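Work through the exercises below with the sequence and the coordinates open beside you. Each task is followed by a solution that goes step by step.

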Amino acid sequence: MSTARLSIDRGRCIGAGMCAMTAPDVFDQDTEDGLVVLLRAEPAAARLTVARMATGLCPSGAITLSEP
């Protein structure tokens, strides 16, 4: 069974923090540079809606969500 998978591109991240504010169980921000940190590459079904929302809110397009 395939699951949804998140990936991040820290090179594109601008540190806006929308992902961490929207889905704090899935994303965080590095305390040194403020860039995105992925906490869960394969979010549980209960977190998938907020993971999708965070992906859409990312102003730099640094988050990708691949779904089966």
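**Exercise 1. Sort the residues of β4 by face, and find the strand that pairs with β4.**

Solution. The model is a predicted one, and the assignment starts with the two faces of the strand. On β4, Ile63 and Leu65 form the covered face, while Thr64 and Ser66 form the uncovered one. The next step is the pairing: β4 and β1 run antiparallel to one another and are joined over four bridges. Within that pairing, leucine 6 has leucine 65 of β4 as its bridge partner.

**Exercise 2. Determine which residues of α2 are buried and which exposed residues lie on the face turned away from them.**

Solution. Begin with the length of the helix: at 1.5 Å a residue, the 13 residues of α2 should span 18 Å, and the end C-alpha atoms are 19 Å apart, which agrees. Then apply the burial cut-off of under 20% relative accessible area, by which Leu48, Ala51, Ala54 and Thr55 of α2 are buried. These residues cover an arc of only 130° around the axis, and therefore lie on the same side of α2. The general background is that an α-helix has 3.6 residues a turn, so residues three or four places apart point the same way. On the face turned away from the buried side, the exposed residues are Ala46, Thr49 and Gly56. Finally, ask what covers the buried residues of α2: the cover includes β1, α1, β2 and β4.

**Exercise 3. Decide whether threonine 55 is buried or exposed, and list its contacts beyond four places in sequence.**

Solution. Threonine 55 is found in helix α2, and its relative accessibility is 18%, so the residue counts as buried. When neighbours within four places in sequence are left aside, threonine 55 is in contact with Leu6, Ile63 and Leu65. Of these contacts, Ile63 and Leu65 belong to the covered face of β4, and Leu6 is the residue whose bridge partner in β4 is Leu65.

**Exercise 4. Identify the members of the largest nonpolar core that touch the most other members, and say which element supplies the largest share.**

Solution. The largest nonpolar core has 16 residues, and Leu6, Cys19, Phe27 and Ile63 are those that touch the most other members. Turning to the elements, α2 (45–57) and β4 (63–66) each supply at least two residues of this core, and the largest share, three residues, comes from α2. For cysteine 19, the contacts beyond four places in sequence are Pro24, Phe27, Val36, Ala54 and Ile63.

**Exercise 5. Establish how many disulfides the model contains, and examine cysteine 13 and cysteine 19.**

Solution. With a cut-off of 2.5 Å between cysteine sulfur atoms, the count comes to zero disulfides. Cysteine 13 is in no disulfide, since its nearest cysteine sulfur, that of cysteine 19, is 6.3 Å away. Cysteine 13 is buried, with a relative accessible area of 16%, and cysteine 19 is likewise buried, with a value of 9%.

**Exercise 6. Locate isoleucine 14, and describe its exposure and its contacts.**

Solution. Isoleucine 14 lies in the loop between β1 and α1, and its relative accessible area of 60% makes the residue exposed. Not counting residues up to four places away in sequence, isoleucine 14 touches Leu35, Pro59 and Ser60. As a last step, compare sequence with space: isoleucine 14 and leucine 57 are 43 residues apart in sequence, and their C-alpha atoms are 13 Å apart.

How values were computed
Residues are numbered from 1 along each chain as its sequence is written. This is a predicted model: local features need pLDDT of at least 70, side-chain atom pairs count only at pLDDT 80 or more; totals for chains, interfaces and linings use all residues. Side-chain values use heavy atoms; hydrogens and water are left out. A nonpolar core is a set of buried Ala, Val, Leu, Ile, Met, Phe, Trp, Tyr and Cys residues joined through side-chain atoms within 4.5 Å. Buried means under 20% relative accessible area, exposed over 50%, partly exposed in between (1.4 Å probe, protein chains only). Contact means heavy atoms within 4.5 Å. The expected span of a helix is 1.5 Å times one less than its number of residues. The arc is that of the directions from the helix axis to the C-beta atoms. Two strands pair if DSSP finds at least two bridges between them.
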